[in-house]
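Student: Please take a close look at one helix and its surroundings. I should like the cut-offs behind each term as well.

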Amino acid sequence: MIRTRSLLAEGSRLRRLAPLVLPAAWGAVAVAWKFCCPLARQPGLPTRIATSVVFLTVGIGMVLGLRHGFVRELTRARAVAAATQRVLLRPPPARLDGLTLAAGQLSATRGASVGGDLYEAVATPHGVRIVVGDVRGHGLAALGAVVAVLGSFREAAHDEAELAGVLRRLERALERHLREPARDEQPAGPDAEPPHPVAEEFVTLLLVEVRPDGRLAVLNCGHPGPYRLGVRAERLPVGDPLPPLGVLPLPAVLVPHTAVRLLPGETLVLHTDGAEEARDHRGRFFALDAALSGVPGEAPAALVRRVRAALLHHTGGRLADDVALLVVRNDRVRVPAQPAEPGLRRPRPAPSPRC
């Protein structure tokens, strides 16, 4: 096993050095030309021109070889990043239990395809459950908390009958994640204090359950409320906000807000605060509500693309924070009351007795 690994590592190093073989050979030829060829040591302009051409060719070959190696490594890194994004922030299914979904994400870190925002939607026996969250900070440094929260949600959403149970599972998962670096930094010894979570890290999130009748159950941990698109765009009430996960313990009793319904044909837009806090070069905030009200009845995927383009245009492509959008449209059909089958008559009520 050890020998196999060493051979694989040696083969990987040889593959990385392969683009430099030809430039190195050209360099050896150039040195041999300069010091071994009598013609190269002769004075005169033609000799100098020939020597310059040889070394220029060698220099160009080395630059092209290095560039080829860098491009190949960059292509491989981008492929790994794309695969990571598909696993970590996988696109939601286009249809989920009668709902049409679409999502989009923009990272504030240049060159990164994932950041500190998270979203997921799963169909469960208890309804379609959705989470949208924002880890403090942005970019690659927040990926650990994103992995902890999303991994816990994908299991708890199916296991927990109550939405409050899902939120408590997310809190415990984040707490375990935050305690790991604290435990590593904690000095060992009998008098050492127990490790504490990193208080500077927390997650705001919105936990939503879309029930079969369209009623929404919402638990809000310090996250911006969603928009409902019908005749116009309106921000939905989500009840009293809970503290963000990782700041304070959750209350003993968690009661979801259930006073809102998503009717057939209506669209729910969940987002992170980076969408509303994005500014242009004059410091003006992005008008998310106006952008959402642009095209009534728009398909979720088209809406995500249009808002994404509007955000990039407003900020000039320079985002200060990560942005995530998750759009859900209720395409469930209302079943009208069915008439009685032909040939069947309802029994007439018995006549009342006469006095």
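Tutor: What follows is an account of helix α8, from its own geometry outwards to its neighbours. The model is predicted, so that local features require pLDDT of at least 70 and side-chain atom pairs count only at pLDDT 80 or more, while totals for chains, interfaces and linings use all residues. Residues are numbered from 1 along each chain as its sequence is written, and side-chain values use heavy atoms, with hydrogens and water left out.

Helices here are DSSP runs of H or I with at least four residues, strands are runs of E with at least two, and both are numbered from the N terminus. Helix α8 comprises 16 residues, 300-315. The expected span of a helix is 1.5 Å times one less than its number of residues; for α8 this gives 22 Å, and the end C-alpha atoms lie 23 Å apart, which agrees. After the helix comes Gly316, with a positive phi near 65 degrees.

How are the side chains of α8 distributed between buried and exposed? Pro300, Leu303, Val304, Val307, Leu311 and Thr315 are buried (under 20% relative accessible area; exposed is over 50% and partly exposed in between, with a 1.4 Å probe and protein chains only). These residues lie on the same side of α8, because they cover an arc of only 100 degrees around the axis, the arc being that of the directions from the helix axis to the C-beta atoms. An α-helix has 3.6 residues a turn, so residues three or four places apart point the same way. Arg305 and His313 are exposed on the other side of α8.

The buried residues of α8 pack against β2 (99-106), β7 (227-229), β10 (267-271), α6 (273-277), α7 (288-292) and β11 (323-330), contact meaning heavy atoms within 4.5 Å.

Four of these strands belong to an open sheet of six, ordered β1-β2-β11-β10-β7-β8 with antiparallel pairing; two strands pair if DSSP finds at least two bridges between them. β1 (95-96) and β8 (233-235) stand at the edges with a single partner strand each, so one side of each has no neighbour in the sheet. Within the sheet, β2 and β11 are joined by eight bridges in the antiparallel sense, and Ala103 has Leu326 in β11 as its bridge partner. Helix α8 packs on this sheet, touching β2, β7, β10 and β11, and its direction makes about 20 degrees with that of β2. Axes are lines fitted to C-alpha atoms, for helices over the stretch in contact, and angles run from 0 to 180 degrees between N-to-C directions.
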